[in-house]
Amino acid sequence: MTSQFKFAAFAAGASLIIAASAQADVVISLSEATGDPGQTVEISASLGTGGAEVAGTQNDITFGADSGVAVAAKSNGKPDCAVNQDIDKGGTSFAFQPSGCTAGTTCTGIRALVLALDNVAPIPDGSRLYTCKVAIAESASAGEKTLSNTNTGASDPDGQALASSGTDGRVIVNGGASDATIIVGSATGEAGQTVDVSVSLETGTDVAGTQNDIAFAAPIAIAAKTNGKPDCAVNPEIDKGGTSFAFQPAGCTVGETCTGIRSLVLALDNVAPIPTGSTMYTCKVTIAEGAESGEYPLTCSNPGASDPDGGALLAECTNGTVTVGGPVTDTPTATPTETPTTPIGPTATSTNTPPPTNTATATRTPTISGGGGFDDDGCSVVAPAQAGNGWLLLLPAAALLWIRRRSK
């Protein structure tokens with residue numbers, strides 16, 4: 001064997017054998033896909049080289065035996081995956097894990113080894129490494145299914161190890177028509193400008209309140225007011241005066257470490273349904289000076305909705321975009337009002353914002369209930385024990401006393 005690339009013979013449990021030096025931070029990223037129960041979707045693995053020369057990679061994809069999604073098998077029993085022909089790595093192999101498992105029953109993942117024994121040329125940065133077919137079981141429940149990306153490895157053309165990591169993928173299983181769809185709008189502007197982006201609601205039932213997160217990344221960002229809170233305003237026509245906005249993650253520094261916002265649309269004294277098609281709120285989005293032309297995502301996640309009784313509803317949300325370059329167009333919005341400096345929000349528990357993608361996300365969400373301090377901690381709502389009185393269970397004592405006095 002004349003290749004400088006040092007590999008072990010690849011079998012079901014084999015791994016990439018490389019020297020022990022680490023020179024760069026290589027990232028293998030899994031994509032996401034959306035489908036219905038019974039369908040087969042396609043996900044891909046892509047490579048970020050971190051500036052290094054990467055001649056080969058390995059990684060495991062774990063899906064879990066009871067997750068409802070699994071990498072499909074070919075007729076020969078091997079994973080239904082294919083290397084990207086453009087990277088010319090003809091020695092690429094795929095095997096189900098653990099070794100000796102039965103596809104469709106006991107297999108919980110695959111191992112992918114991307115290489116060529118006769119070609120150690122570097123793989124271009126940003127290249128797709130391979131694709132895999134993922135089967136969604138007929139019995140799969142609606143929601144996000146994680147495809148864990150572990151055991152990553154990479155080697156340069158001399159067979160030297162490179163520091164590597166992986167980002168997980170996911171399959172979003174549709175669960176039929178959702179009760180509420182939160183739609184993040186889009187806008188177009190030039191570098192250095194600020195544009196308005198509105199968020200609207202489409203409903204199939206009575207929706208009294210919603211929540212959602214919006215993630216952003218340079219060169220765009222949701223602007224901040226002078227008080228440090230997101231420059232967003234609720235639509236006064238929907239009469240949800242308890243609406244709150246907070247930067248994410250909690251405790252971040254505006255303009256430096258903040259990567260998104262959390263929005264909670266509600267009113268403690270008004271649980272009337274929000275009309276379908278309504279603009280719920282509008283946010284100012286800044287475009288950095290020197291931003292290159294192109295489309296930049298506003299990724300929506302963590303959707304939630306509640307009915308007038310405080311019961312949880314099935315909610316999903318769709319992403320928006322800010323397009324830099326071309327004529328400036330603002331998303332039509334209702335006239336906004338300023339968010340109160342100290343709004344009343346819900347009792348909270350910390351949650352993590354998922355990775356970003358341009359798809360709708362369906363999830364059964366916690367009940368939205370009243371509470372205090374949303375803007376201060378930026379956390380999500382907590383489900384009460386019973387939906388029937390959900391709006392009252394988590395009210396702070398002062399608010400509850402006020403309501404009782406008014407009722408006398």
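**Exercise 1.** Which side chain meets glutamate 42 in a salt bridge? Place both partners in the fold and state how accessible they are.

*Solution.* The model is predicted.
Step 1. The partner is lysine 133, with an N to O distance of 3.3 Å. That distance satisfies the cut-off, which is within 4 Å.
Step 2. Glutamate 42 belongs to strand S3 (residues 40–48) and lysine 133 to strand S9 (residues 128–136), so the contact ties together parts 91 residues apart in sequence.
Step 3. Glutamate 42 has a relative accessibility of 42% and counts as partly exposed. Lysine 133, at 33%, is also partly exposed.

**Exercise 2.** Analyse the salt bridge between glutamate 144 and arginine 170.

*Solution.*
Step 1. The closest N and O atoms of the pair are 2.6 Å apart.
Step 2. Since glutamate 144 sits in strand S10 (residues 143–155) and arginine 170 in strand S12 (residues 169–173), the pair links parts that are 26 residues apart in sequence.
Step 3. Glutamate 144 is partly exposed at 35% relative accessible area, whereas arginine 170 is buried at 6%.

**Exercise 3.** Are aspartate 213 and arginine 262 buried or exposed, and which strands does their salt bridge connect?

*Solution.*
Step 1. In this salt bridge the closest N and O atoms are 2.6 Å apart.
Step 2. Aspartate 213 lies in strand S16 (residues 209–215) and arginine 262 in strand S20 (residues 260–265), so parts 49 residues apart in sequence are tied together.
Step 3. Both residues are buried.

**Exercise 4.** How many salt bridges does the whole structure contain, and which residues join into one network?

*Solution.*
Step 1. The search finds 6 salt bridges.
Step 2. Through shared partners, Glu32, Glu144 and Arg170 form one network.

Definitions and conventions:
Residues numbered from 1 in each chain as written. Predicted model: local features only at pLDDT ≥ 70, side-chain atom pairs only at ≥ 80, totals over all residues. Heavy atoms only, no water. Helix = DSSP H or I, 4+ residues; strand = E, 2+ residues; numbered from the N terminus. Buried < 20%, exposed > 50% of the residue type's maximum accessible area, 1.4 Å probe, protein only.
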